[in-house]
Amino acid sequence: MLENGITRDFILENISGIIVTDTDGKVLYYNQDAAKYFVIPLDSVIGTDISVAFPESKMPEDLFIDEPKPVYYHTEIGIGVSVHVPLFDEGKRIGLLEYDLLSNPRLLYEFPNSYSRFLDDALKSIRFKMRGQGVEARYTIDSIIGHSKQIDNLKKQIAVAAKSNSQVIITGETGTGKEMVAQAIHNLSERRNHKMISLNAAAIPENLVESELFGYREGAFTGAKNGGMKGKFELADKSTLFIDEISKLPLAVQPKLLRVLQEKCIEPIGSDEVIPVDVRIIVATNEDLRALVEQGKFQADLYYRINVLNIQTPPLRSRFEDLPDLMMAKIDELNYLLGKNITGVNPHVYEEISKYNWPGNVRELHNKLEQAMNYAQGEELQVEDFFWDESTPLNTRVVFDVDEKPIDAVRDKAEKELIIRVIELCNGNKSEAAKYLKINRTLLYQKMKRLGIK
């Protein structure tokens, strides 16, 4: 007897379709819900071979499985999905248990989509909760989206770097996913079971960078907290330390970082203690470190020390063939965040996006995509869902057809943009737009037709 008067028998009777056999396939137990499957009198089921009592049963095939296994069944009374669970006693196999996962045909047909949505939402929820808790290294090599030559090459470089303990420099424009690459390297390396530690050199005040990296002991300086503080190197022992914006590391701290890389030990501020550390360093920058060395803004010795493996993240404009994959992956994520149900993108959107230079790369694309999804009305994103301010027009980069006259193309482009903007200002009122443009309404419609304005 359990609490509240509930018995174990009561629980077993309320689980759909329980059948238990021994390792010879003889029925040892069944509940009343399972009785509907048997083709022989119920008083003779116990001890009878399951294939005789329940000819459609898949249990005989799974008597010696090692893990739970779902199976599909089809009988005269319906179709469904059962789960087979092997039974062990002190490591010895003693039988097999079956219970129904789905026995209602209507639920069976709805199950794949509903379960898929459930898993998708649950996994996304977990991912965002992890982000909120600051869990490091959530990205893997599979998080890098695309099948272009540039992305294939990037993944090969990540795989090479993951097998090594050498320092890595990740270079590339802003928004190209340098931190994602660093996390992918860590998660593919032998250090993946330890938490990756990150430091953005540009986000830490110059006078705090040294204590952030190497830590300090109690009383080391005014304001030092009781008990001191471990630095990033101590926290990253046996793991990976990722230093973003390495070009912003103060010149005064650079020799100390070089010393740690050479001697594999640190001295916390305010302490004579030498602490050995086993840390793999990955750094990232969107600046030319070699040029900074020549300008005296970055220490040459440190540059040569960290520049062992050099990985460059490709800009978005060099891999427009990845746009569909990139956009649909972000749409799936934003659907969850925004409560939307966008299922596709009009092909014309890709055409228009490919005309823009994307200085902010994938980060900028994600920003514009989120903006567009907020305005979208249907289940497919349209060109008109994307809004661009004057400083970043969609067609910043003009692409001419072979037979097109450049002057005519520029004129048509400017005229089209002007008409669209005026119509928007007039809330779609064509008569008001014509007055504003100082042309008659008939001419406005002719221009709209010629320029492909809907």
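**Two packed helices and a third one, questioned**

Guide: In this predicted model, Leu154, Ile158, Ala159, Ala161 and Ala162 of helix H4 meet Val181, Ala184, Ile185 and Leu188 of helix H5. By class, this contact of H4 with H5 has nine nonpolar residues, no polar and no charged ones.

Visitor: What makes these residues count as meeting?

Guide: Contact means heavy atoms within 4.5 Å, and Leu154 in H4 is one of the residues that meet H5.

Visitor: Why is H4 called oblique to H5?

Guide: Helix H4 (residues 149–162) and helix H5 (residues 178–188) pack at an angle of about 45°, with their axes 8 Å apart. Angles under 35 degrees count as roughly parallel and those of 65 to 115 as roughly perpendicular. An angle of about 45° fits neither class, so H4 is oblique to H5. The crossing of H4 past H5 is right-handed.

Visitor: How do you know that the span of helix H11 is close to the one expected?

Guide: H11 (residues 323–338) has 16 residues, and from its first C-alpha to its last it reaches 21 Å. At 1.5 Å a residue, 22 Å is expected, and the span of H11 is close to that.

Visitor: Which residues of H11 are buried?

Guide: They are Leu323, Leu326, Met327, Lys330, Ile331, Glu333, Leu334 and Asn335. Buried means under 20% relative accessible area, so each of these residues of H11 falls under that cut-off. Just after H11, Gly339 has a positive phi of about 70°.

Visitor: How many helices and strands are in the chain?

Guide: The chain has 16 helices and 14 strands. Of its 454 residues, 40% count as buried.

Technical notes: Residues numbered from 1 in each chain as written. Predicted model: local features only at pLDDT ≥ 70, side-chain atom pairs only at ≥ 80, totals over all residues. Heavy atoms only, no water. Axes fitted to C-alpha atoms, helices over the stretch in contact; angles between N-to-C directions. Helix = DSSP H or I, 4+ residues; strand = E, 2+ residues; numbered from the N terminus. Parallel < 35°, antiparallel > 145°, perpendicular 65-115°, else oblique. Left-handed = near helix turned anticlockwise from the far one by under 90°. Nonpolar A, V, L, I, M, F, W, Y, C, P; charged D, E, K, R; others polar. Expected span 1.5 Å × (residues − 1). Buried < 20%, exposed > 50% of the residue type's maximum accessible area, 1.4 Å probe, protein only.
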